[in-house]
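Have your viewer open and a selection tool ready. We will go from one stop to the next, and at each one you will hear what to select and what is there.

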Amino acid sequence: KYDINKIRKKLKRTLHTKRYIHSIGVSTTAVCLAMKYGYDLHEAEVAGLVHDCAKNYSDSKKIALCKKNSIVMSPSEQTSPDLLHAKVGAVVAQSKYDIDNRDILNAVKYHTTGRPDMSLLEKIIYIADFIEPNRTQPNLKEYRNLAFLDLEVCLLRILRDTITYLEKNNKEIDNLTKEAYNYYNNLIN
Ligand code: DGI
Ligand code: FE
Ligand code: FE
Ligand code: FE
């Protein structure tokens, strides 16, 4: 078992208040989804807590950690280094939060883009990140409902809306985001 209090204390020291509160929200939401879909509650709680543990690192620190850990930066990560907080977060969760559970580390790693054929925990964290109680984007009621009705339909919906948002704002869409969308679109439709 991981020490939840210790993780919280460390996060509180590293994250801005708003980000810390968001992380608690993702954690409790992940536990709710884990109850619904049958995943280990403690592991879901830990994954939710640490998913953004590298979010408030500077771009230069994230890039340096990528180099140090031989993480390959995708073209969109080079243009938008904020995206790196996911991959770097997985490394930080392992080295600074002593998390050795591969599924938790992957849930952190893929929480921003998603990927094809995600594990249950990866889907839970991806969705919890979007619907947690402190979020304020439009139509949240609908997403929250959908999350507890059909996890994969909800996932596809978020992926689709993210891509639409990125296209509208002329942002580069990461290959993994596209691959995840295509995978679940083929699976469901
Ligand atoms: O870290 P959070 O804000 O809690 O949430 P997140 O890690 O899911 O990051 C959300 C941001 O990431 C949101 O502004 C959209 C952006 N994003 C997601 N997929 C892509 C992307 N940005 C680019 N450029 N390309 C993507 O494929
Ligand atoms: Fe994030
Ligand atoms: Fe997200
Ligand atoms: Fe987040």
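Select helices α3 and α8: the two are oblique to each other, because angles from 35 degrees up to 65 count as oblique and their axes cross at roughly 45 degrees. Helix α3 covers residues 41-50, and its axis comes within 10 Å of that of α8. Look at the sense of the crossing, too: α3 and α8 cross in a right-handed way. Now show side chains at the contact. From α3 you need E43, A44, A47 and G48, and from α8 their partners L121, I124, I125 and A128. Sorted by class, the residues of this contact are six nonpolar, one polar and one charged. Keep in mind as you look around that this is a predicted model.

Next, keep α8 on screen and add helix α2. Helix α2 spans residues 17-37 and α8 spans residues 120-131. Their axes come within 9 Å and cross at roughly 135 degrees, which makes α2 oblique to α8. This crossing is right-handed. To see the contact, select V26, T29, A30, L33, A34 and Y37 in α2, then L120, I124, I125, I127, A128, D129 and I131 in α8. Colour them by class and you should find eleven nonpolar residues, one polar and one charged.

Stay on α2 for a moment and zoom in on T29, which lies in this helix. Is T29 buried or exposed? T29 is buried, because 25 other C-beta atoms lie within 10 Å. Leaving aside residues up to four places away in sequence, T29 touches G48, A128, I131 and E132. Here is a distance to try in your viewer: from the C-alpha of T29 to the C-alpha of R144 it is 10.0 Å, although the two residues are 115 apart in sequence.

Helix α7 is the next partner of α8 to select, at residues 102-109. The axes of α7 and α8 are 8 Å apart, and the helices pack at an angle of about 40 degrees. Helix α7 passes α8 in a right-handed crossing. On the α7 side, pick D103, I104, N106 and A107; on the α8 side, pick L121, E122 and I125. The contact of α7 with α8 has four nonpolar, one polar and two charged residues.

Now follow the chain into the loops on either side of α8. In the loop between α7 and α8, select D117. What is the phi of D117? Phi is near 50 degrees, a positive value in a residue other than glycine. D117 counts as exposed, because it has 10 C-beta neighbours inside 10 Å.

On the other side, select N139, in the loop between α8 and α9 (140-149). N139 also has a positive phi, about 60 degrees, although it is not a glycine. With 10 other C-beta atoms within 10 Å, N139 is exposed.

For the last stop, select ligand 1. How many residues surround ligand 1? There are 18, and the closest are S80, T112, K171, D174 and T177. Colour this shell by class as well: four of its residues are nonpolar, eight are polar and six are charged.

Definitions and conventions:
Residues numbered from 1 in each chain as written. Chains lettered and ligands numbered in written order. Predicted model: local features only at pLDDT ≥ 70, side-chain atom pairs only at ≥ 80, totals over all residues. Axes fitted to C-alpha atoms, helices over the stretch in contact; angles between N-to-C directions. Helix = DSSP H or I, 4+ residues; strand = E, 2+ residues; numbered from the N terminus. Parallel < 35°, antiparallel > 145°, perpendicular 65-115°, else oblique. Left-handed = near helix turned anticlockwise from the far one by under 90°. Contact = placed C-beta atoms within 7 Å. Nonpolar A, V, L, I, M, F, W, Y, C, P; charged D, E, K, R; others polar. Near = placed C-beta within 6 Å. Buried ≥ 20, exposed ≤ 12 C-beta atoms within 10 Å, placed from the backbone.
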